[in-house]
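Here is a short briefing for a first look. Read the points with the structure open beside them.

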There are 2 protein chains.
Amino acid sequence: MADQTQKKPSRIQQRNRRKILDAALDVFSAHGFRGATLDQIAEQAGLSKPNILYYFDGKEEIHVTLLSQLMETWLDPLIELDPQGDPLTEILAYVQRKLEMSRDLPRESRLFANEILQGAPRMDPHLRADLKPLFDARCGVIQAWMDAGKLAQVDPRHLIFSIWATTQHYADFQAQIEVLLEGQEPTDTAAQFLQSMFRNLLTPGQNTSPA
Amino acid sequence: MADQTQKKPSRIQQRNRRKILDAALDVFSAHGFRGATLDQIAEQAGLSKPNILYYFDGKEEIHVTLLSQLMETWLDPLIELDPQGDPLTEILAYVQRKLEMSRDLPRESRLFANEILQGAPRMDPHLRADLKPLFDARCGVIQAWMDAGKLAQVDPRHLIFSIWATTQHYADFQAQIEVLLEGQEPTDTAAQFLQSMFRNLLTPGQNTSPA
DNA sequence: CTTGTTTTTGACCATTTGGTAAATACACGA
DNA sequence: TCGTGTATTTACCAAATGGTCAAAAACAAG
């Protein structure tokens, strides 16, 4: 038995588990959980199907493992948002980081999007336990910045949603964007656009009057 | 045979085809193409599986039919963007219409998102044939507005992307939003936020200097 | 080399799933 | 009421798929 529950995993175990997870990320992100097959993952990983089931208890466990790892990566930029830093700088840096993640980790973005699209059947607990508290905390920080007059007053929750939406869009809807932009690399121009959009939105005292 | 290719479809045929497509929209939007099963669709439609295959040639054809219908619905708001109208008003109205579609047609939004996420295997031709020309045309209109000084200068392509991203986000990531907003209806507050964000971005002569 | 352990495989299995065929029930105009 | 085309169901099938298992192979240590 692989004995994953305790003690040191062997060199070969680590290597193969990583190969499997990487292959699974490919397949799950491209086809969703139900659309992915163990055979596809096996082929992509260069291992036999039974061999994969030697390292993981089943399809489900592979998926769950990926989602858990993903959650950390995903929360990280929001964690790094520094309440002590300059508000506008911090938020624009957050936008930039998220955009870079879309460019560098599109598979992860799509894995996440797939999961949420399907109603977050496996991730819901994670969202409540990990994301929600962080989200509330960061909304509090942003609200405080606004109350202190350092940022224009907008709804912090929707601000965060709009950052997620606009940045992740470049990974999740890549197929569409490639058609519309005819294959041009969008990251640079997107960065310019998003930076100016959010700077504009958040720079205090410049807002158009709401009526 | 149902003889769908020619002549008048009977009352009962229309009714059943509609029931099937509605059920399929439920199932496909919730589980993606491969994740959906004919049995689920059949149950949801209140018909037997063979009966469904009496009206449609197969799973694929149901999906394709849905996507075709969807394309029209989806392009409609962009078509209605009036080059003769007031630029800012037109674009803000477009944002509003898209947001309302996310609220009123979340299944359609998710069906679309699923398809694009998987690389648009079935919709790619539609995107090139229908969406791309319209997209280019509208980018041209917006660019002209900007050149005429009626809107602030931003990249029209990314402007449209950001409108799509932010509005569709409320349908596609509903599961996440419900967790974070604890079930509050987000549409009203989202509308306020998005209106002010895009008004701010596009109102000429108010932009923060880009360096 | 020998022995004990880890890793890999080939052969299977049960279930699910898209799809078919033939028989049956039904609607409806003559 | 009958007959005819339409609609629906019952009973299947073949392929795909997640998963099992025992045995073989590979490997590490003495």
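What follows goes from the single chain to the pair, then to the DNA and two helices.

This is a predicted model. Chain A is built from ten helices and zero strands. A turn of 180° lays chain A on chain B. DNA strand C and DNA strand D each have a surface of protein residues around them, described below.

**Chain A on its own**

- From the N terminus on, the elements run α-α-α-α-α-α-α-α-α-α.
- The C-alpha trace of chain A spans about 65 × 45 × 30 Å along its principal axes.
- Chain A has 211 residues, and 37% of them are buried.
- Take the contacts in chain A between residues at least 6 apart in sequence: 70% of these join residues at least 24 apart.

**How the two chains meet**

- Chain A brings 48 residues into contact with 48 residues of chain B.
- On the side of chain A that touches chain B, at least two residues each come from helix 1 (11-35), helix 6 (106-117), helix 7 (124-147), helix 8 (156-172), helix 9 (174-181) and helix 10 (187-202).
- That side of chain A holds 21 nonpolar, 18 polar and nine charged residues.
- Laying chain A on chain B gives an RMSD of 0.0 Å, with a turn of 180° and a shift of 0.0 Å along the axis. This is the relation of a two-fold axis.
- The copies meet through the same surface, because 100% of the interface residues of chain A are also interface residues in chain B.

**Around DNA strand C**

- DNA strand C is surrounded by 19 residues. The closest are A:Ser48, A:Pro50, B:Thr37, B:Leu38 and B:Gly58.
- Both chains contribute: helix 1 and helix 3 of chain A, and helix 2 (38-45), helix 3 and helix 4 of chain B, each supply at least two residues of this surface.
- By class, the surface near DNA strand C has eight nonpolar, seven polar and four charged residues.

**Around DNA strand D**

- There are 20 residues around DNA strand D. Those that come nearest are A:Thr37, A:Leu38, A:Gly58, B:Ser48 and B:Pro50.
- Here helix 2 (38-45), helix 3 (49-55) and helix 4 (59-79) of chain A each give at least two residues, as do helix 1 (11-35) and helix 3 (49-55) of chain B.
- The surface near DNA strand D divides into eight nonpolar, seven polar and five charged residues.

**Helix 5 of chain B**

- Helix 5 of chain B covers residues 87-104, 18 residues in total. At 1.5 Å a residue it should span 26 Å, and its end C-alpha atoms are 26 Å apart, so the two agree.
- Its buried residues are B:Pro87, B:Ile91, B:Tyr94, B:Val95, B:Lys98, B:Leu99, B:Met101 and B:Ser102. They cover an arc of only 155° around the axis, so they sit on the same side of helix 5 of chain B.
- B:Thr89 and B:Asp104 are exposed on the other side of this helix.
- The cover over the buried residues includes helix 4 (59-79), helix 6 (106-117), helix 7 (124-147), helix 8 (156-172) and helix 10 (187-202) of chain B.

**Helix 10 of chain A**

- Helix 10 of chain A has 16 residues. From first C-alpha to last it reaches 22 Å, close to the 22 Å expected at 1.5 Å a residue.
- Buried residues in this helix include A:Phe193, A:Leu194, A:Met197, A:Phe198 and A:Leu201.
- The buried residues of helix 10 of chain A pack against helix 5 (87-104) and helix 8 of chain A, and also against helix 8 and helix 10 of chain B.

Key. Residues numbered from 1 in each chain as written. Chains lettered and ligands numbered in written order. Predicted model: local features only at pLDDT ≥ 70, side-chain atom pairs only at ≥ 80, totals over all residues. Contact = placed C-beta atoms within 7 Å. Helix = DSSP H or I, 4+ residues; strand = E, 2+ residues; numbered from the N terminus. Nonpolar A, V, L, I, M, F, W, Y, C, P; charged D, E, K, R; others polar. Expected span 1.5 Å × (residues − 1). Buried ≥ 20, exposed ≤ 12 C-beta atoms within 10 Å, placed from the backbone. Arc of directions from axis to C-beta. Near = placed C-beta within 6 Å. Least-squares fit on C-alpha atoms with pLDDT ≥ 70 in both.
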